[in-house]
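Thank you all for coming; I would like to take a few minutes to walk through one structure, going from its open and enclosed spaces to the way some of its helices pack. Please have the sequence and the model in front of you as I speak.

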Amino acid sequence: MQLAQLKVLCAVAEAGSIRAAARKLNLSQPSVTKSLQALEQDLDATLVHRSSRGIELTDAGRAVLPRARGIQAEVQRAREDVERLAGRARNAATLGVASVIGAWLIPPVLARYGRERPDTRVRIVEGTQETLLPMLREGTLDFAVCLRLEREPTSGFAVRALARFRLVVVARKGHPQRHARSLHELRSAHWILTRPRGAGGVLEEAFRAEGLEVPASAAECESHSIKIATLAQSDSLALVGRPMLSEPAVAQLLEEIPLTKPLPLLTAGLYTRSEDRLAPAARDLAALITAECKRILRLN
């Protein structure tokens, strides 16, 4: 098993075809095919299935892919460590952030970080626990800021609690159900879920506590901007952090539907891999995010 072969597997999985992967890697299609076949022979397993729709991973391929990504990430970090020691490193930090809080947490942090570390490249990935934590485990992210209910496990990660807060129900200005004060009154509304159905998110937890089912019409959306735009142009409802409603662009479009019974308490936590120490660029970014989160929210 060679690093180049694992890199090919990752590229094929992401691109969905041999041709696209070859283009991405600047290799010929026969070279990509040969590398993939050599990896399959080494593992004695079929990793991809070729169909009319392109390349699909087999069960074995899906099992190997996270490991391949993790190995690539570890190798990249090793290179960065060596370059840093040699004084020729290009500083970089990659973070994941929950879409519910990213839009108001990250902008002021990036502004300050850019002033303090103008030579550092930052990559931000928006998502949910279901998408961000696997990326963190694989090494694609340096750290992640996620939201969790108190009962949700954190095994495999070191988690520093930053703040505790509650999400609120929001709708477009003038929504026909804006005077509702309970989930029972809103049970027939169309909801936009941030976390996948069945993942046990805040809305599911709150509906279950009231003896209600999450409406079958609920849609799932990880993108904050799409969620806000959809809310503004429909009668859908969603959950956001109350600080988001103070943003001028959002305040003109949406309003809170205050519930008599508050939603379950959430913890915003900074997740890192248990065995890892953050590199200086990522450590400084994490420190700024920690300070900003505690400034806006409150650790009860």
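Before I give any volumes, let me say what I mean by a pocket: on a 1 Å grid over the protein atoms alone, a pocket is an open set of points with protein on both sides within 12 Å along at least five of seven lines, and its volume is the space filled by probe spheres set on the points. Please also keep in mind throughout that this is a predicted model.

With that meaning in hand, the second largest pocket comes out at a volume of about 340 Å³. Its lining is made of 20 residues, and those lying nearest its centre are F165, R166, L167, V168 and R242. Two strands, β6 (157-165) and β7 (167-172), each supply at least two residues of that lining, and β7 provides the largest share, which is three residues. Sorted by class, the lining of this second largest pocket has 13 nonpolar residues, one polar residue and six charged ones.

Let me turn to the largest pocket, in which about 800 Å³ of space lies. Here 23 residues form the lining, and the closest to the centre are Q72, A73, Q76, G139 and T140. Which elements each supply at least two residues of this lining? They are the helices α1, α2 and α4 (59-85), together with the strands β3 (92-98) and β4 (121-127), and it is α4 that gives the most, with eight residues. By class, the lining of the largest pocket divides into eight nonpolar, five polar and ten charged residues.

From the open spaces I move to the enclosed ones, where the count comes to one cavity of 30 Å³ or more. The volume of the largest cavity is about 290 Å³, and among the 23 residues that line it, L167, T194, R195, G201 and V202 lie nearest its centre. You may recall L167 from a moment ago, since this residue is also listed among those nearest the centre of the second largest pocket. At least two lining residues of the largest cavity come from each of α5 (99-116), β5 (143-149), β8 (191-193), α7 (202-209) and β10 (237-241). In terms of class, this lining holds 14 nonpolar, seven polar and two charged residues.

Now to the helices, and I will begin with α3, which covers residues 29-43. How do the axes of α2 and α3 cross? The axis of α2, residues 18-25, comes within 8 Å of the axis of α3, and the two cross at roughly 105°, so α2 and α3 are roughly perpendicular to each other. On the α2 side the contact involves I18, R19 and A22, which meet Q29, V32, T33 and L36 in α3. That contact has four nonpolar, two polar and one charged residues.

The helix α1, residues 3-15, also packs against α3, with axes that come within 9 Å and cross at roughly 110°, and α1 and α3 are therefore roughly perpendicular to each other as well. The crossing of α1 past α3 is left-handed. In this contact A4, Q5, L6, V8, L9 and V12 of α1 meet V32, S35, L36, A38 and L39 of α3, and the classes are nine nonpolar, two polar and no charged residues.

My last pair is α5 and α10, the latter spanning residues 280-296, and these helices pack at an angle of about 135° with their axes 9 Å apart. That angle makes α5 oblique to α10, and their crossing is right-handed. From α5 the contact takes in W104, L105, I106, P108, V109, R112, Y113 and E116, while α10 brings A281, A282, D284, L285, L288, I289, E292, C293 and I296. Divided by class, the residues of this contact are 13 nonpolar, no polar and four charged.

That is where I will stop, and I am glad to go back to any of these regions on the screen.

Technical notes:
Residues are numbered from 1 along each chain as its sequence is written. This is a predicted model: local features need pLDDT of at least 70, side-chain atom pairs count only at pLDDT 80 or more; totals for chains, interfaces and linings use all residues. Side-chain values use heavy atoms; hydrogens and water are left out. Axes are lines fitted to C-alpha atoms, for helices over the stretch in contact, and angles run from 0 to 180 degrees between N-to-C directions. Helices (H or I, at least four residues) and strands (E, at least two) are DSSP runs, numbered from the N terminus. Angles under 35 degrees count as roughly parallel, over 145 as roughly antiparallel, 65 to 115 as roughly perpendicular and the rest as oblique. Contact means heavy atoms within 4.5 Å. Ala, Val, Leu, Ile, Met, Phe, Trp, Tyr, Cys and Pro count as nonpolar, Asp, Glu, Lys and Arg as charged, and the others, Gly among them, as polar. On a 1 Å grid over the protein atoms alone, a cavity is a set of points where a 1.4 Å probe fits but cannot get out, and a pocket is an open set with protein on both sides within 12 Å along at least five of seven lines; lining residues have an atom within 4 Å of a point. A crossing is left-handed if the near helix is turned anticlockwise from the far one by less than a right angle, and right-handed if clockwise.
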